[in-house]
Amino acid sequence: MNKMQRLLVLQIIIFLLVSAGLLAQQRVDVSGVQVGASPMWESSIGDTVRGMPHLQAGSVVLVGENGRVRSFFQSGTPLWNFDARGTAVPHIARSYEAATYICNTDGVFMAINRVGRELWRLNLGKPISFPPVVGWDGRVFISLDSTMTCRTASGNALWTIDLGSPIAFAPILDKTGSAVTVLQNNEFVKVHQFSHVERIALNRLPIMIVSLDEGNRQSYVLFYQSGEMEKIYYNENARRGGRLSRSNLRSLPAPPAASVSLGNQFAVTLRDGRIICLNAQGETVWTRNTHEAAEERGPANLTVEQARMIFDERGIYAVTIRGISAFTTEGRRRFVHRLQTVSSGVPALCDEGLLWACGTDNILRVYKVDVRPRTKPRNRFYGFEPDGDYGMGNPPASPWTGQSSRYHDVEQDRVYQEISAAIRSGSIGTMEPVYVAYIMEMVGFFIGNPHHSPVRPDVKPTQRIRLINLLAQVGSRETIPFLWNIFDRDPEPAVRRACADAIGRIGVDPTGRSFHSYNFLLSPNNPNIDPQLVLAASSSIANLCRFSGPPLAPEGIRVLRYFSNLTSLPNHVRAQIRNELDGLFRDGLDQPIQ
């Protein structure tokens with residue numbers, strides 16, 4: 001080989017090495033080799049973020065040490081800064097519709113929509129110490145000292161209970177949609193979405209909990225600082241107050257720093273940097289090293305404040321302040337990504353495979369670390385549906401079913417007053433499914449009943465309207481399909497108007513199905529368009545737009561524009577619709593988030 005040929009071979013080798021290096025920076029290396037550390041984008045935020053970034057629907061919300069609350073889109077576009085009217089505490093949560101819940105140091109709890117506009121507020125008197133928990137239907141569990149209060153997505157009170165002892169650490173949402181935590185008196189408590197409480201005494205305080213779904217039963221694994229584990233079983237068929245039982249599991253090989261579960265398996269990141277996957281019986285399925293292990297050039301001294309985990313259909317992720325390690329469910333390492341700058345709080349990995357890390361240098365950096373897509377079905381507006389439902393869309397039959405007296409005016413008045421009083425006092429609690437079932441049975445009495453008389457209905461329009469108003473105050477997003485059904489089928493325009501108003505007051509409709517109902521019924525081919533019904537639908541759409549923001553809002557604005565141009569409507573009605581549109585434009589809700 002002559003000199004020229006040797007030079008050419010050398011150039012080819014250098015080219016291949018450089019190409020391989022560039023390729024490693026642009027994609028995830030599924031062979032377990034470290035991926036490149038260059039961020040997609042970065043932004044100086046001028047503040048230290050101690051808590052974890054909160055992700056939902058392609059955006060992130062951050063709370064800094066100075067109490068400022070701000071949001072960024074995944075492309076790097078700053079979305080909004082929110083004035084918390086004081087210093088915000090770092091305990092925040094986000095809902096399925098991307099509403100953000102925060103609290104300031106004065107104890108004012110606030111809900112913010114996706115474009116940073118305040119939706120409602122609640123004065124708690126003192127700041128919260130733990131993040132709120134968002135339930136499957138949008139309800140919010142708020143913990144303060146020894147009390148837990150439940151509010152609808154639009155802020156209406158459902159119930160408040162005193163647990164008898166201060167809450168020891170942050171509640172989590174379990175596989176049944178309840179909030180579970182441990183009290184300072186060493187009691188494990190499961191707070192049901194309808195307010196009843198199951199509790200069992202422990203010998204000491206654990207440091208974390210994971211919830212398991214074992215198919216025929218629900219259970220919980222409690223982790224202790226020593227590495228010991230304990231299991232709590234929940235038996236739905238047992239008598240109330242006695243549905244929880246305890247058993248011991250084998251100890252972990254080292255103290256835990258973070259844990260996560262999926263179905264009947266759970267994974268733990270140990271303080272020494274190892275990750276361990278276990279089955280429901282606590283038996284080890286596999287063990288591997290993360291980037292934190294000493295064998296992987298890590299410090300092997302994690303604390304519970306420095307690590308989080310994710311477990312979904314893509315695999316298991318161990319996220320720490322120094323990087324992320326990803327594994328398949330079978331234990332094969334997919335990739336490792338080490339951060340160049342240690343994060344001030346635990347980074348967050350979003351569904352799009354982006355890692356959001358706030359450095360100790362006060363710079364937010366976003367890395368593309370995973371190209372494996374999630375396969376779980378997602379809503380076109382806001383991502384993945386909640387993991388379950390509370391059955392509020394089709395509750396069990398009420399105790400009034402089959403009683404002929406329930407159609408008597410006096411009896412209807414009595415039950416209405418009973419339900420109304422419970423809702424007004426914020427203590428509907430365990431009666432919520434019973435009352436919702438009654439409301440649905442009475443409002444929808446004509447559905448499937450060929451013998452009902454439109455002249456002498458069993459439940460008069462005025463009675464149906466007031467019950468629909470009560471359903472709006474209960475505020476579960478699971479009741480929205482029922483309201484669509486009544487809106488589409490009830491012969492009374494006044495009842496349809498009440499349905500539209502209720503949907504707007506509940507405030508959540510992430511599928512946009514309400515817009516379809518309004519658009520269909522109010523088409524120009526309909527010779528019986530009711531101007532007041534159009535106004536009610538317009539107000540409902542505007543409320544939904546304000547609560548959810550983009551991308552639902554631009555869809556709603558298109559419907560409102562259509563309504564405002566209906567020549568069959570009186571001018572004053574079209575003027576009111578345009579006023580609604582102007583308000584949405586002023587709030588910037590017509591602009592897609594990019």
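Which residues in α6 meet which residues in α8? I took this up as my opening entry, bearing in mind that the model is predicted.

**Entry 1, the helix pair.** On the α6 side I listed Pro493, Arg496, Arg497, Ala500, Ile503 and Gly504, and on the α8 side I found their partners to be Gln532, Leu533, Ala536, Ala537, Ser540, Asn543 and Leu544. Sorting this contact of α6 with α8 by class, I noted 7 nonpolar, 4 polar and 2 charged residues.

**Entry 2, the geometry of the pair.** I then looked up the axes of helix α6, residues 493–506, and helix α8, residues 531–548, which come within 7 Å and cross at roughly 10°. Because angles under 35 degrees count as roughly parallel, I recorded α6 as roughly parallel to α8.

**Entry 3, the whole chain.** For the secondary structure of the protein chain I noted 10 helices and 34 strands. I checked the overall dimensions next: the C-alpha trace spans about 100 × 65 × 45 Å along its principal axes. The radius of gyration is 27 Å, and since a compact globule with 594 residues would have a value near 25 Å, I entered the two as agreeing.

**Entry 4, burial and contacts.** Of the 594 residues in the protein chain, I found that buried ones make up 56%, while the accessible surface comes to about 24700 Å², with 50% of that surface belonging to carbon and sulfur atoms. Turning to contacts between residues at least 6 apart in sequence, I noted that 53% join residues at least 24 apart.

Notes
Residues numbered from 1 in each chain as written. Predicted model: local features only at pLDDT ≥ 70, side-chain atom pairs only at ≥ 80, totals over all residues. Heavy atoms only, no water. Axes fitted to C-alpha atoms, helices over the stretch in contact; angles between N-to-C directions. Helix = DSSP H or I, 4+ residues; strand = E, 2+ residues; numbered from the N terminus. Parallel < 35°, antiparallel > 145°, perpendicular 65-115°, else oblique. Contact = heavy atoms within 4.5 Å. Nonpolar A, V, L, I, M, F, W, Y, C, P; charged D, E, K, R; others polar. Rg over C-alpha atoms; globule rule 2.2 N^0.38 Å. Buried < 20%, exposed > 50% of the residue type's maximum accessible area, 1.4 Å probe, protein only. Areas by Shrake-Rupley, 256 points an atom, 1.4 Å probe, with all protein chains shown as cover.
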